[in-house]
Amino acid sequence: MGIAVLMALLLVILPIILVGGLFTIIVAYLNPASVGMEQDDLHYQALQEVSAEYEPENDIDVYLIKVIDLFSHDKITEDKGQIKDFIETYFLLEKEREVEVTETVDGEEVTRTETETYYVYKTFYEIVSTVREAPFNFQDGAIASIVNLSMAGFTTGGSDDSSGGSPGQSGGTLFGKYPAPVQNGVITCGYGGRINPVTGKAEFHNALDIQGAWHSPITTIADGVVVSTSTAIGPYGNYVVIKHELPEETFYSKYAHLSQILVSPGQSVKQGDTIGIEGGNPTDPNPGYSTGHHVHLEIWTSEGHVNPADYIY
């Protein structure tokens, strides 16, 4: 009887281990930053050459380029020249702007307007639009996979960092100045299109899902006031909403799938204060629509929901 039970457990657990291991291998292979192999990676080298030639005014994640390359060609391109052409064609934009130039003519300063050419890499959202068109023609399912692969596996900054920088910017996906609500957590689902793991339908995921240790403390990302909490049965489970009215900006943050709520509406909180305990496991109280423990983080401004990756590190 004991052997039969053990065999049954192996049949259930082994595929999970293999799939998880395969996913880890894929992430490590596609993301050279995750294994410290940037200098030996052809895509990284090609991107460095493009950046040196055109001097674009922003950065782009080489991991995202590799993911789209894989989806486009059903294999990773191994020719650096082709990779460079791929980047220049689909990820780089040439733009123009008017600039004022002041020069001295006959002892007097004269200001005139010139047209200046400059370069930028496409934003994540421009890239998502690009891959919907020829020659890619990616459908919602492929785009959802790209979005989630491009975000999954990145680790949020550790709480022991005192540099004031952004330690969690592995691969350049987290660009913010506020500490993540759970430290050393792994992003399991990004902001953007995805296939809902519960309903199986395509949708827009307006949050980052971050998985820390089960029942980790969830902390507020900035000073603010709790405007609402909820224990109602629904997609989010237990959640907290905080208004951050700061000198430089005003925004709201929402923390969902909490197993416990530790604050009340009207309560003032400081950055790093614990507001709840991570939940989301089916065994947790009111987990919401969730397949495993994590915190669902949304950021809202007066313009609507925005990508939390632009706010946290």
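Both D41 and K66 are buried. In this predicted model, the side chains of these two residues meet in a salt bridge, with N and O 2.7 Å apart. D41 lies in the loop between α1 (2-30) and α2 (42-54), and K66 in helix α3 (residues 62-73), so the salt bridge ties together parts that are 25 residues apart in sequence. The relative accessible area of K66 is 3%, and this residue counts as buried because the limit is under 20%. K66 can also be compared with Y44: the two are 22 residues apart in sequence, and their C-alpha atoms are 9.3 Å apart in space.

**Salt bridges**

Side chains of opposite charge can pair when their charged atoms come close. The count for this structure comes to 11 salt bridges. Three of them are listed here, including the pair described above.

| Pair | Closest N to O distance |
|---|---|
| D41 and K66 | 2.7 Å |
| E49 and K80 | 3.0 Å |
| R112 and E114 | 2.2 Å |

The salt bridge of E49 with K80 links distant parts of the chain: E49 is in helix α2 and K80 in helix α4 (residues 80-90), 31 residues apart. Are E49 and K80 buried, exposed or in between? E49 has a relative accessibility of 32% and counts as partly exposed. K80, at 29%, also counts as partly exposed.

R112 and E114 form another salt bridge. R112 has a relative accessible area of 33% and is partly exposed. E114 is partly exposed as well, with a value of 31%. Elsewhere, E57, R97 and E116 are joined into one network by salt bridges that share partners.

**Helix α2**

Helix α2 holds E49 of the salt bridge with K80. The helix has 13 residues, which at 1.5 Å a residue should span 18 Å; the C-alpha atoms at its ends are 18 Å apart, so the two values agree. Which residues of α2 are buried? They are H43, Y44, A46, L47 and V50. These residues cover an arc of only 165° around the axis, which puts them on the same side of α2. An α-helix has 3.6 residues a turn, so residues three or four places apart point the same way. The cover over the buried residues of α2 includes α3, α4, β1 (92-105) and β2.

**Aromatic rings**

A search of the whole structure finds 12 aromatic pairs. One of them is Y54 with Y119: the ring centres are 4.9 Å apart and the planes stand at 65°, so the pair is edge-to-face. An angle over 60 degrees is what places a pair in that class. Y54 is in helix α2 and Y119 in strand β2 (residues 108-121), so this pair links parts of the chain that are 65 residues apart. Y54 has a relative accessibility of 21% and counts as partly exposed, because the limit for buried is under 20%.

Other rings are grouped: F71, F86, Y90, F91, F136 and F138 form one aromatic cluster.

Rings can also lie under a charge. Which rings does K254 lie over? K254 lies over the face of Y236, at 3.4 Å from the ring centre. The charged end of K254 also sits over the ring of Y239, 4.3 Å from its centre.

**Backbone details**

The peptide bond from A134 to P135 is cis, with omega near 5°. P135 is found in the loop between α5 (124-130) and α6 (140-151).

Two residues are noted for the sign of phi. For E55, phi is near 50°, a positive value in a residue other than glycine. E55 lies in the loop between α2 and α3. The relative accessible area of E55 is 61%, and this residue counts as exposed because the limit is over 50%.

For H215, phi is near 65°, again a positive value in a residue other than glycine. H215 is found in the loop between β6 (208-211) and β7 (217-219). With a relative accessibility of 37%, H215 counts as partly exposed.

Key:
Residues are numbered from 1 along each chain as its sequence is written. This is a predicted model: local features need pLDDT of at least 70, side-chain atom pairs count only at pLDDT 80 or more; totals for chains, interfaces and linings use all residues. Side-chain values use heavy atoms; hydrogens and water are left out. A salt bridge is a side-chain nitrogen of Lys or Arg within 4 Å of a carboxyl oxygen of Asp or Glu. Helices (H or I, at least four residues) and strands (E, at least two) are DSSP runs, numbered from the N terminus. Buried means under 20% relative accessible area, exposed over 50%, partly exposed in between (1.4 Å probe, protein chains only). Rings of Phe, Tyr and Trp (its six-membered ring) pair if their centres lie within 6.5 Å; planes under 30 degrees apart count as stacked, over 60 as edge-to-face and the rest as tilted. A charge sits over a ring if NZ of Lys or CZ of Arg is within 6 Å of the ring centre and within 35 degrees of the ring normal. The expected span of a helix is 1.5 Å times one less than its number of residues. The arc is that of the directions from the helix axis to the C-beta atoms. Contact means heavy atoms within 4.5 Å.
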